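Subject: A structure for you to look through

Dear colleague,

I am handing over the structure we spoke about, and below it you will find my notes. Please keep the sequence and the model open beside this message while you read.

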Amino acid sequence: MAKNWFQEMRKWMTEKMDLPEDVMMDLPRITMIGQIHIYIENHRGLLTFADDEVRLLLKQGQLLIKGEQFLIKIILPEEILLQGKVVEVIYLDE
């Protein structure tokens, strides 16, 4: 109950104060440049990495990125830049 109230309060503050939702709601920010780069901010860690698949932990669930010839260009505690051919981006509620 308190968790839902807190989340509603964050949502209200975001709307009234015109703040970015990704910051206030702790959501991932995903920026893609065509199919060749994908930059993800606000993730909780790298779960799996392979040439054709990357799985990131989010605050709520996971993010699965499928593609080809992935390379990690930059990796920081809450940010990652992947290079390769991005084919699919899927949110998983696990």
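To begin with a small puzzle, in which loop does Asn42 lie? Asn42 sits in the loop between strand 2 and strand 3, and I will come back to this residue further down. Please bear in mind throughout that this is a predicted model.

**The overall plan**

The chain has 94 residues, and its secondary structure comes to 2 helices and 6 strands. If you follow the elements from the N terminus on, they run α-α-β-β-β-β-β-β. Of the residues in the chain, 28% count as buried, while the chain as a whole exposes about 6,600 Å², with carbon and sulfur atoms supplying 55% of that area. Among contacts between residues at least 6 apart in sequence, 38% join residues at least 24 apart.

**How the strands pair**

Strand 1, residues 29–33, pairs with strand 2 in the antiparallel sense over 5 bridges, and within this pairing Met32 has Ile38 of strand 2 as its bridge partner. These two strands form a hairpin with 3 residues between them, and Gly34 in the turn has a positive phi of about 55 degrees. Strand 2 is also joined to strand 6 by 5 bridges, again running antiparallel, and there Tyr39 stands opposite Leu81.

Strand 3, which covers residues 45–49, pairs with strand 4 in the antiparallel sense over 4 bridges, with Thr48 opposite Arg55, and the two form a hairpin with 3 residues between them. Strand 4 then pairs with strand 5, residues 62–76, in the antiparallel sense over 5 bridges, and Leu57 stands opposite Gln62. The hairpin of strand 4 and strand 5 has 4 residues between the strands, and Gly61 in its turn has a positive phi of about 95 degrees.

Finally, 12 bridges join strand 5 to strand 6, which run antiparallel; Leu64 stands opposite Ile90 in this pairing, and a hairpin joins the two strands through 2 residues.

**The two faces of strand 4, and the core**

It helps to recall that in a regular strand the side chains alternate between the two faces of the sheet. In strand 4, residues 53–57, Val54 and Leu56 make up the covered face, whereas Glu53, Arg55 and Leu57 make up the uncovered one.

Where do the two residues of the covered face turn up again? Both Val54 and Leu56 belong to the largest nonpolar core, which has 11 residues in all, the others being Ile38, Ile40, Leu58, Leu63, Ile65, Phe70, Ile80, Leu82 and Val86. Strand 2, strand 4, strand 5 and strand 6 each supply at least two residues of this core. As a general background, nonpolar side chains in soluble globular proteins tend to be buried together. If you would like one core residue to inspect, take Leu82: leaving aside its neighbours within four places in sequence, Leu82 is in contact with Ile36, His37, Ile38, Phe49, Val54, Ile65, Leu71 and Ile72.

**Nonpolar residues at the surface**

Leu46, Phe49, Ile72 and Ile75 form a nonpolar patch on the surface, with about 310 Å² of accessible area together, and strand 3 and strand 5 each supply at least two of its residues. Phe49, which has its place in strand 3, is partly exposed, with a relative accessible area of 39%. Ile33 in strand 1 counts as exposed, at 51% relative accessibility. Ile33 and Val86 are 53 residues apart in sequence, yet 9.7 Å apart in space from C-alpha to C-alpha.

**Two positive phi values outside glycine**

Most residues other than glycine have a negative phi. Asn42, the residue of my opening puzzle, has a positive phi near 75 degrees, and Gln69 has a positive phi near 50 degrees. Is each of these residues buried or exposed? Asn42 is buried, because its relative accessible area of 19% falls under the 20% cut-off, whereas Gln69, which has its place in strand 5, is exposed, with a relative accessible area of 60%.

With best wishes,
A colleague

Definitions and conventions:
Residues numbered from 1 in each chain as written. Predicted model: local features only at pLDDT ≥ 70, side-chain atom pairs only at ≥ 80, totals over all residues. Heavy atoms only, no water. Buried < 20%, exposed > 50% of the residue type's maximum accessible area, 1.4 Å probe, protein only. Pairing = 2+ DSSP bridges. Patch = residues over 30% accessible without salt bridge, like charges linked within 9 Å, V, L, I, M, F, W, Y side chains within 5 Å. Areas by Shrake-Rupley, 256 points an atom, 1.4 Å probe, with all protein chains shown as cover. Salt bridge = Lys/Arg side-chain N within 4 Å of Asp/Glu carboxyl O. Contact = heavy atoms within 4.5 Å. Core = buried A, V, L, I, M, F, W, Y, C linked by side-chain atoms within 4.5 Å.
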